[in-house]
Every structure is written in C-alpha cells, then in structure tokens.
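Please keep the sequence and the 3D view side by side while reading, and find each residue in both before moving on to the next sentence.

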Amino acid sequence: YLFSGPRGVGKTSSARILAKSLNCTEGPTALPCGTCNNCKEITSGSSMDVIEIDGASNTSVNDIREIKDEVLFAPSGSKYKIYIIDEVHMLSNSAFNALLKTIEEPPEYIIFIFATTEIHKVPATIRSRCQQFNFRLIPTITLKDLVVDACEEMKIECSEDAAFWIAKEGNGSSRDAYTLFDQIVSFSNGNINLEKIQEKLGLVGLDNMNSLVDFMTEKDGTNVLNQCDSILTSGVSIEQFIVDLAEYFRNLLFINYGILKESLLGYSSERFSKKASDSFTVLQLEHGMELILSLYKDIRYSVNPRFELELLLSRLSNLTDYISNSEILEKIKNIKDSITTGSIHTEVHIEKKKSVIPINNTVSVEKPLTEESSPASEFFNKFKNKHRSPTVIKEKIPKKSNEE
C-alpha cells in the first residue's frame, strides 16, 4: 500500500489502524476492537509483527537488505507481518531497487505500507507495484470539531472564535492543529479565548487591523503610523505584522469577489470593516497584496525592517488613488471611441480681440477684428491679387478682331 498526501493528515496513523484491522483477534475487520493484545501492542509500538521504519534515517541499501532477510521469517503471534516505512521517498535508488523484487512477490504473510509526502519522488517501478491512496487536507470545520472535542475531553472552556482560529491555523493538518492547541492550553488556565491567544502569541488582532485599514481608506497617514507604533509596542513582531496584514488584504479581496465562506476568511464576513471592503477595488487590493508580499520577501535583507514597514504603510495610505495600466488604457480607448463616433462635443471659446488701426499716425481707432479685416485675411488678399492666374487676366483683355 502507498499512502501519499500533505503532512499531518494521518497517513502514518492510518497505516497503524490498517495494521490493527489486519492483526486484530477479531479480524481482519474494518473496526478493530482496540482491546486485544495485538491492538494494544500496536498502539504502544511494542508489537513484534508491526515494524515501523523511518525512511529518512534508513536510506541505505544495507537497511533494505536487512528487511529482505527478515521477511523470510513468519509473524510470531499475529496473522501478518507488517512493515510501515514512513517518508519512503527518502530511500536511495539502490535501496528502491533492492526492494523491488520483495514487494513484487512478497510472502503471503508480509504486507508493506509506504507513507510519503512527495509521491513524485517515488520511482514509477515502486508505484506500479502498490495500491495508491491519496490523502487530502482536512476541512477547517472538521478540525474545529476535533478541537472542541479535545476541550470537552480535557474539561477546558474554549470560545467559538478561538476554536475556529486554531483550526484555521492548522491549515488542513490535524497534527499542526493539535500542536498549536497544546501550546495554547499551557497558558490558558482552563479558559481559551481569542484575546489571550492574541496577547500571548503576539498577533495583531482583527479589531486593530480594521482600525488600521480604515485610516488607510481616509488617507490618514498620521494615524496609520501611530497605530503601527502602538501595535509594535504591544509586542507584535514585524514579520507577524506583515503576515497578518497580508491575510487581511487577502480576506478583503475574497469579500470583494463575493466569497464569504467562514472557513476561508477565518472569521464571519460581518466582522471585517465594511468601509475597507467598499473603499478598495479588486485591482487596488491586488496591488496592495503585491507590495506586502514583496516586503516580506525582501525584509530579511533590509537595513531596518521597521523603516520598511512604515514606508509600506505610508504607501498603502494612498492606495485608493492607485490606477492600473489596464485601467488607463481602457479610459484612453473609451475617449478615442467617443471622439470617433462623435459622442463627445468639444466647445472652443474664442475671444474676439480688438485691432488698433492707426490713422495719419496720430489717431487710432479701435475696430473689432473680423474675418475680412484680420491681418491674415488682408495678406491673403494681397497675395491672391499679385499672383492671379493667367486665365483670369485673359478674360479682362478684350479680344482683338482678325483684322487687328
């Protein structure tokens, strides 16, 4: 069997459950009892017939040759002898080649279960000899239910928002969610809420982020930088500030697209500032996210990360004025089409100037400048008279008779 999928989704745990199902005294069964000696030994990791091997630590061909020698011996007290090889993609090519013949024609009492997070690194010759099962990320709602169940089992009070936040931070991995949950339990004193999590883990918090972005929509750079100072003073690291800011802009982008799933946003859509979601366009939010993510990449080489963050916030304070190149081209195209179709009427107001015509070099009379009396028209008339075409001159000369 070949189990593949992301980390922390239960590949190795499923391999142990499969081993219980095969070696249970009531099995093979889909529901192992969990109370027989075989099930208990597998749970505690002391079973002689279920051998777990770390592929990352046993990568050489000699380790695989030991397995080839061991498979010749039948199981001691179970129906099957099961080898669980975790992170099997870490084995060397020679180790895979040594394993080929064994997994192609194994004894009837031998079962191999491989687990890997990188299925593409497993040779095709191995994959073709296995039954493959692809594991997927666990939905956030399912992880939230697991956290709530753990709280009930441990008799710990946990708010709805806190349980949802833990599940969201698990990113589909039950192991990551449980690890974070254990960390929070250590300082919660039997009562888990979002305020304690934000205070102890150094998070910005949704309310602070709402007020910060509201100042950005008002182009109030002064309050934006003051809010940044108060957040950093409270103990939030600059890297965490950037991460939370990027996540907030990502959620605003989802809201602008009409995606309101709580499992994606992490909170109810009503908790986000409506002023912020209405003030920015999709292109402006995308540009803002590009600036934030670019800063996160470059901040490790910065002379002073705080200066970089403050410069970013100052730029984001003018984000509502951002116009993309595509929008500029679209406006130019619309203006061009309007002029072509004649839907735009341009009005030109020409102020009539007054020309001063001197008389006897002493008296000047103001006369309105008209088309006939303008200097340009007078010059044109003189030019026309001087260069009159010959046909016009011939018409004015009387024709001579034949005698003349």
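In this predicted model, a good place to begin is Ile332, which is found in helix 17, the helix that covers residues 325-341. Together with Ile323, Ile328 and Leu329, Ile332 makes up a nonpolar patch on the surface, and these residues have about 380 Å² of accessible area together.

From that patch we can turn to the aromatic rings. The model holds eight aromatic pairs, and one of them joins Phe3 and Phe133, whose ring centres are 5.8 Å apart and whose planes stand at 80°, so that the pair is edge-to-face, as planes over 60 degrees apart are counted. Since Phe3 belongs to strand 1 (residues 2-4) and Phe133 to strand 5 (residues 132-134), this pair ties together parts that are 130 residues apart in sequence. The two partners differ in their exposure: Phe3 has a relative accessibility of 6% and counts as buried, whereas Phe133, at 37%, counts as partly exposed. Another pair is made by Phe112 and Phe114, with ring centres 5.9 Å apart and planes at 35°, so this pair is classed as tilted. Phe112 is buried at 7% relative accessibility, and Phe114 is buried too, with a relative accessible area of 1%.

Looking again at Phe3 and Phe133, the reader will find that they belong to one aromatic cluster, which also takes in Tyr1 and Phe135. A ring can also have a charged side chain over its face, as in the case of Phe254, where Arg250 lies over the face of the ring at 4.4 Å from its centre.

Two residues in helices show how contacts can be followed beyond the closest neighbours in sequence. Ser21 sits in helix 1, which covers residues 11-23, and at 10% relative accessibility Ser21 counts as buried, because residues under 20% are placed in that class. When neighbours within four places in sequence are left aside, Ser21 is in contact with Gly27, Pro28, Thr29, Ala30 and Pro32.

Asp214, for its part, is located in helix 10 (residues 206-217). If residues up to four places away in sequence are not counted, Asp214 touches Ser273, Lys275 and Ala276. Between Asp214 and Val224, which are ten residues apart in sequence, the distance in space is 8.8 Å from C-alpha to C-alpha.

Technical notes
Residues are numbered from 1 along each chain as its sequence is written. This is a predicted model: local features need pLDDT of at least 70, side-chain atom pairs count only at pLDDT 80 or more; totals for chains, interfaces and linings use all residues. Side-chain values use heavy atoms; hydrogens and water are left out. Rings of Phe, Tyr and Trp (its six-membered ring) pair if their centres lie within 6.5 Å; planes under 30 degrees apart count as stacked, over 60 as edge-to-face and the rest as tilted. Helices (H or I, at least four residues) and strands (E, at least two) are DSSP runs, numbered from the N terminus. Buried means under 20% relative accessible area, exposed over 50%, partly exposed in between (1.4 Å probe, protein chains only). A charge sits over a ring if NZ of Lys or CZ of Arg is within 6 Å of the ring centre and within 35 degrees of the ring normal. Contact means heavy atoms within 4.5 Å. Patches are made of residues with over 30% relative accessible area and no salt bridge: like charges are joined within 9 Å, nonpolar side chains (Val, Leu, Ile, Met, Phe, Trp, Tyr) within 5 Å. Accessible areas come from the Shrake-Rupley method with a 1.4 Å probe; for residues, only the protein chains shown count as cover. A salt bridge is a side-chain nitrogen of Lys or Arg within 4 Å of a carboxyl oxygen of Asp or Glu.
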